[in-house]
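Ready for a little practice at the bench of the mind? Have the structure open and work through the exercises below at your own pace.

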Amino acid sequence: MNHVVRQLNSSLLRDPFWHFSIACYVLHKCWQALNAESGWMDYYWNDVWMLPCAIPLVLSVYNALGLRQSMEIPSGFEILWHGILWGLIAEFVGPLLFVHAVGDPWDLAA
């Protein structure tokens, strides 16, 4: 288990875009706390940063578990596949599991 954690840390800590993505997400959360209604950013900003924040982490887990061979830049197929999969989960499975969640298929199209 320690090997997996060390491998995750070493690959993610070297990725400057991942750090930038996480910073944008955190800054938006702070902004939301100060400004309750921020329009477009309120609804879509975190969605924009979801893939850049999550894909390096998920691919690092795949690599550490031996499901992915290297920590190269993700292919367009990997990015598209994860975007579609997570979108389907968020828009169709989420509303079945959480009362406050609302499924909006147009979010997938966007």
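Three exercises follow, each with a worked solution.

A note before starting: this is a predicted model, where local features need pLDDT of at least 70 and side-chain atom pairs count only at pLDDT 80 or more, while totals for chains, interfaces and linings use all residues. Residues are numbered from 1 along each chain as its sequence is written, and side-chain values use heavy atoms, with hydrogens and water left out.

**Exercise 1. Find how many disulfides the structure holds, and explain the count for Cys-24.**

Step 1. Start with the criterion: a disulfide is a pair of cysteine sulfur atoms within 2.5 Å.

Step 2. Look from Cys-24 to the closest cysteine sulfur, which belongs to Cys-53: the distance is 7.9 Å, so it is too far for a bond.

Step 3. The structure therefore has 0 disulfides.

Step 4. Now check the surroundings, taking buried as under 20% relative accessible area, exposed as over 50% and partly exposed as in between (1.4 Å probe, protein chains only). Cys-24 is buried at 11% relative accessibility, and Cys-53 is buried at 12%.

**Exercise 2. Locate the salt bridge and work out which parts of the chain it ties together.**

Step 1. The rule asks for a side-chain nitrogen of Lys or Arg within 4 Å of a carboxyl oxygen of Asp or Glu. By this rule there is 1 salt bridge.

Step 2. The partners are Arg-68 and Glu-78, with 2.8 Å from N to O.

Step 3. Place them, remembering that helices are DSSP runs (H or I, at least four residues) numbered from the N terminus. Glu-78 sits in helix α4 (residues 76-97) and Arg-68 in the loop between α3 (40-64) and α4, so the pair links parts 10 residues apart in sequence.

Step 4. Both ends are covered: Glu-78 is buried at 19% relative accessibility, and Arg-68 is buried at 11%.

**Exercise 3. Describe helix α4: what is its span, where does it bend, and which of its residues are buried?**

Step 1. The expected span is 1.5 Å times one less than the number of residues. For the 22 residues of α4 this gives 32 Å, which agrees with the 30 Å between its end C-alpha atoms.

Step 2. Next, the bend, defined as the angle between axes fitted to the seven residues ending at a residue and the seven starting there. At Ala-90, α4 bends by about 35°.

Step 3. Finally, the buried residues of α4 are Glu-78, His-82, Trp-86, Gly-87, Glu-91 and Gly-94. Leu-88, also in α4, is partly exposed at 39% relative accessibility.

Terms used
Helices (H or I, at least four residues) and strands (E, at least two) are DSSP runs, numbered from the N terminus.
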